[in-house]
There are 2 protein chains.
Amino acid sequence: MKRAALFCILSLLAGSIVSCTDKTGETTDVTVLSSPGDVLQMTFALDGEGRPYYSLDRGDTKVLLPSGLGFELRGAVKAQGLEYDGDKILKPDEVPPYMFNDGFKVVDVSTSSFDQTWSPVWGEESSIRNNYNELLVCLKHTSDDKLMNIRFRLYDDGLGFRYEFPGNQSLVHFVIKEELSEFNCAQDNKVWWIPGDYDTQEYQYATSTLTGISKVFKAHTNQYNSSTTMYSTTGIQTSVQMKTPEGLYVNIHEAALVDYPCMHLLCDGTRIRSWLTPDAQGWKGRLETPCNTPWRTVQVAASAEEQLASRLVLNLNEPCAYDDVSWIHPVKYMGVWWEMIAGAGSWSYTDASSIHLDSFDYASAVPHGHHSANNANVRKYIDFAAANGFDALLIEGWDIGWEEWANCNKDYVFDFVTPYPDFDIAALNEYAHTKGIRLVMHHETSSSVRNYERHMEAAYSLMNKYGYDAVKSGYVGDILPFGEYHYGQWMINHYLYAVTQAAKHHIMVNAHEAVRPTGLCRTYPNLIGNESARGTEYQAFGGNDPEHVTILPFTRLNGGPMDFTPGIFEQNLKDWCGNDSHVNATIANQLALYVTMYSPLQMAADTPEHYAPFMDAFQFIKDVAVDWNQTRYIAAEPGDYLIIARQPRQETLSGSAREFSQGRDTWFLGGVTDENEREFDVALDFLGEGDYEAVIYADAPDAHYKTNPQAYTITSKTVSAAGTIHIDMVPGGGVAISFRKI
Amino acid sequence: MKRAALFCILSLLAGSIVSCTDKTGETTDVTVLSSPGDVLQMTFALDGEGRPYYSLDRGDTKVLLPSGLGFELRGAVKAQGLEYDGDKILKPDEVPPYMFNDGFKVVDVSTSSFDQTWSPVWGEESSIRNNYNELLVCLKHTSDDKLMNIRFRLYDDGLGFRYEFPGNQSLVHFVIKEELSEFNCAQDNKVWWIPGDYDTQEYQYATSTLTGISKVFKAHTNQYNSSTTMYSTTGIQTSVQMKTPEGLYVNIHEAALVDYPCMHLLCDGTRIRSWLTPDAQGWKGRLETPCNTPWRTVQVAASAEEQLASRLVLNLNEPCAYDDVSWIHPVKYMGVWWEMIAGAGSWSYTDASSIHLDSFDYASAVPHGHHSANNANVRKYIDFAAANGFDALLIEGWDIGWEEWANCNKDYVFDFVTPYPDFDIAALNEYAHTKGIRLVMHHETSSSVRNYERHMEAAYSLMNKYGYDAVKSGYVGDILPFGEYHYGQWMINHYLYAVTQAAKHHIMVNAHEAVRPTGLCRTYPNLIGNESARGTEYQAFGGNDPEHVTILPFTRLNGGPMDFTPGIFEQNLKDWCGNDSHVNATIANQLALYVTMYSPLQMAADTPEHYAPFMDAFQFIKDVAVDWNQTRYIAAEPGDYLIIARQPRQETLSGSAREFSQGRDTWFLGGVTDENEREFDVALDFLGEGDYEAVIYADAPDAHYKTNPQAYTITSKTVSAAGTIHIDMVPGGGVAISFRKI
């Protein structure tokens, strides 16, 4: 493949076309686009074989070298005379290539600019600027006149591009064999990555250079002894955070993933390309024109803090699709959950090994006696949550079928409407409502997705009947039907279906094990949360390394909030319930996560009993808001540390957070560190005028995430914007501070 | 494998156990069972390796030699250390064998007898006797104590057996790799067969010996140039009709196919074994104990007429599952259908090549002008159907999306509720109802089955709103998601889901392209019809050989009625609409099909214009009933001819059939022949006492299905039970006679 543009003197005018000469002496028209503030520059061109490519620079620094664009599509899928003298349907690897990444000519080029400020329904800030210069390149495949456009949006903080297939052309229904978008990195960047996998994102991060990924891949992934669907020892997931030798932070992800396979990446040295999730036959997307792909995003920031402040992924999503969003609201909640995760209780009600839902007689079955979602236990949680100003309480394991929820590949595994005999759905909701608590529904699907869709309308209607307005859904296990993957187009379509059907019932969705977010919460803000990464639960499954929470905001949270479920105060699970896993975090670290791990749906994950001895520290969880007016990224380095300060959004305050912040200027600061102790002096210039009372929840000097995680100090002092606060964080520690204007 | 039983003197006492000595001198306990009338005898035994097998005799004639039973199950599906140093999920062909067809011991044997007479909601007769001797063999897999029972039911007209997996054992959730049921034919039988195919049954029949199948397979299947999913050149479908050299008629099929893959067959010489339909990964069924397989049926009859009279498949199904069946009724209908099949009209409304259902503006789209389901045309059909005493009118192509119904693999292809602009659903239903006609809904799914299920509730509700009580559903094209097949467990589950959901709305279902029936209409009698074979539509797609309709009653109809859509009066499609295909049947032959091709849902498929010149012949279609009190199989040989007489069931008469038969003894006779002319003298001993007026619709002497298909004679005469009627049928011809007591 010939590459041009390297030897051009690039014009910095948006959309200008300059003639360049490549190595071979051929002349190529290169289109150049600059970002609104002239921070980033990109080029687009076709090479001598009609291959489209682009490049990306930040001033004098090359970020992406010329990188290919396009597809291999499914060609003829039938062959004559191979078997039975009739046609034979070919498998993907037998189909002759139909390349849609060369042989193009440019039929039109246009540019435009856009600058608009919008307000999310909830978010890290109440106002977001969406400002880009756009380049639309219209291409024709010369051999067959098929049309494809590529739309580039260049921001000061990054690039987005997508493929658009116009209507009224000969390309109508088509199947993708592979998307061939390249991200050809100019340097051997440092990378924080997790392995590409069609079915799970629940990994800790490895750190290496791009060229070093394959060297550490096996060692890193060896720890995961569950079955996996990784595809290559250089395969990684998005959002992936990189750092160039020059110190630029470069992040590759996607935005607005709708009815298309989730994009993974495949690294060939420093040349990265897209690797879509296949279907059961190996195909990678069925499309119909007019249509477009999701946006492919390349964020470029001069610092880690700038990367965290980027709203590029949200900006590339469509505006809110709902006229009425009054029913969508942030939620601070507790849950009958951690005791089952840790092993102190159970989701199931009996020890039966085989349950036919329509005929099994639970009423006369012998309960095993450790079912957590029982009336008395739920009331205990309701009482605690209500007494401490929470909004809601999640209860898992309330519905029949949990005896076979995992590893059974069972089609009719749940009906989503029938409670266990010891869960009085009517009485418990009524009791909760009298105390100002909403119950949060739980729909574990066990990845029997057709079964979920068959029962979805009845399940959502049941929620309406009893006053639930939020559901946590789960997709544990192999997808049924066999052969489909969690991140294939089939499932991407399902996840959004579940969200939009929920919206008709005014229900908010928090989907676990679903695909990683790509900013869709802008368009569908009832997608109030997602797991889609390795969350706190793994503290009970062997533990998370302390650095994990310093990386997630750069990667997983780039696409949307995570229901990380922080707030574990009892790190010793062994004494509690015999679980050998240790929670690798100090209490101060756990408090900080309410600020550093942004989510409008924020959990206090531990049990009332575990909070009881530490109610002074618990005060921070009560006070902290979950929806924000402003956010400041004070200090950050992925894998090392993170300090963030946020100012609540007055309009969405509720419960105990409203008590603390309503009508007063307040700020919350969270800081976390990895396995190393760290100290910072934080300038308080984010505060407004006047004095603030700061309450500092800090690691005690002798605290340590492994040996002394529950040692903390709480101090109050009066501060102002002109001052600083000194922060000390122990290994695996953190700090949480509330500021309230006096 | 050692085989015993061959050298035993079989006891004819039901369930008796005799000790036999096999070739090697080993002693084996063989259990022997006889049918109630001692017509058939079977044995069951384990061989020296603990392999279960059975055999079947009819008196001195061996039907099945010792035939193996059991399964290969999915074994360990993960292997350590193959890739990425973690677990790797194995593909079916990599999984080590887990044989579940040897190593058994018998832990219990019990026998019982059953004799009951029951009445179907509709059928070929109003009363059916279910009389069998039963043998239940309880087996334990000695290596792992897993349990499997085999239940045999031996009738005078055949054998049914199924596998039952009891609960409360170590086998709970399991996956089938292959079912290993054998049908080891004692002779090289003659076979009327169609190729085994995972996605279609729409074939003409080949005739060969068992050992000759592979020799003619390619030549026979070469005519089908559409893509196929055949699996072997000795793979065939059930229900398959065989004839032994001694003249016994032996038929292999299955009964009560519920949530299990459809069974095909694989022939190895005269040894036939089961071959289940795989899922996308190649597995062949997920089960959970307690559970059972469908019944495997082996019907044995001394004559072709006896085979047609067998009710074994229905008898092996469960009784009706519905308390209230008052809403289920036979239907004689016409349809806005044949004109689209032939090419004179269109299902679609526009020539658009890409339709996004949610945004395409049909109201302002330019119609192509040949959309058949338009208000004026539908009213014309309503008028004709009402004037001639029909019950209902099917209208296809009424709903938006037909522009892309075929070959698009489109997910959201129909919404099943939005009519085209020229189809006034409210007004047309109202108009029809005022004339005593019900409209029949049509749901083509294009095999986008998830999309259908998502819209099913709304679609059925729409039917309720407008007074439809029957739906024809269709499954044309590749199943979505890719990799699933029409006859895999995933789809078998769906078809019954559609039927049981319809029942909640009091809707009858006539599913086309769905799996072949297995008698489920006994349990779910709102499954009023199925296509599931090559029907009349192929007369417009190249034609059907005349013999086709002489074979279908032995094969396809063995499991339940077929919506064959007879009644084509205009065989020359070329002059009508430029279609080169010729309808290979005389008008008399078409009339006969209303008797020979049993269905409680019977169509007059041609257009009002084509019937108009032949209203004297059309009178038979008006008079004939569609539900029967008694049936007599007068003469039959598959591939050659078929003569059947039926007496209407008074309780379900409607429309013009009621006018003809109500309160009077009537009979209808139909006869068809293949490409050869034939004559018969038919004894009328099925008539009651007294005289009857016979109206004989016969081929004219110079009629011929190719050259002169519209030549017929109509004669009336007075007859009685003591007399005979002489029948002459021309090539591709037939005869239809109505008898009415004077």
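Mentor: Buried means under 20% relative accessible area, exposed means over 50%, and partly exposed lies in between (1.4 Å probe, protein chains only). This is a predicted model, in which local features need pLDDT of at least 70 and side-chain atom pairs count only at pLDDT 80 or more, while totals for chains, interfaces and linings use all residues. Residues are numbered from 1 along each chain as its sequence is written, chains are lettered from A and ligands numbered from 1 in the order written, and side-chain values use heavy atoms, leaving out hydrogens and water.

Trainee: Which residues of helix α1 in chain A are buried?

Mentor: Ile213(A), Phe217(A), His220(A) and Thr221(A) are buried in α1, which spans residues 213–221. They lie on the same side of α1(A), because they cover an arc of only 90° around the axis; the arc is that of the directions from the helix axis to the C-beta atoms. Helices (H or I, at least four residues) and strands (E, at least two) are DSSP runs, numbered from the N terminus.

Trainee: Why can residues spaced along a helix point the same way?

Mentor: An α-helix has 3.6 residues a turn, so residues three or four places apart point the same way.

Trainee: What does the face of α1(A) turned away from the buried side carry?

Mentor: That face carries Lys215(A) and Ala219(A), both exposed.

Trainee: Why is Asp145(A) called partly exposed?

Mentor: Its relative accessible area is 45%, and the term covers values between 20% and 50%, so the name fits. Asp145(A) sits in the loop between β11 (128–141) and β12 (146–155) of chain A. Its phi is positive, about 65°, although Asp145(A) is not a glycine.

Trainee: What makes Ala256(B) count as buried?

Mentor: Its relative accessibility is 18%; the limit is under 20%, so Ala256(B) qualifies. Ala256(B) too is a residue other than glycine with a positive phi, near 60°. Its place is the loop between β21 (249–255) and β22 (263–268) of chain B.

Trainee: How do you know that Glu679(A) is exposed?

Mentor: Glu679(A) has a relative accessible area of 54%, and exposed begins over 50%, so the word applies. Glu679(A) belongs to strand β37 (residues 678–683) of chain A. With Glu677(A), Asp681(A) and Asp728(A), Glu679(A) forms a patch of negative charge on the surface.

Trainee: What makes that a patch?

Mentor: Patch residues have over 30% relative accessible area and no salt bridge, with like charges joined within 9 Å and nonpolar side chains (Val, Leu, Ile, Met, Phe, Trp, Tyr) within 5 Å. A salt bridge is a side-chain nitrogen of Lys or Arg within 4 Å of a carboxyl oxygen of Asp or Glu.

Note on methods: Accessible areas come from the Shrake-Rupley method with a 1.4 Å probe; for residues, only the protein chains shown count as cover. Lys and Arg count as positive and Asp and Glu as negative; His and the chain ends are not counted. The place of a charge is taken as NZ of Lys, CZ of Arg, CG of Asp or CD of Glu.
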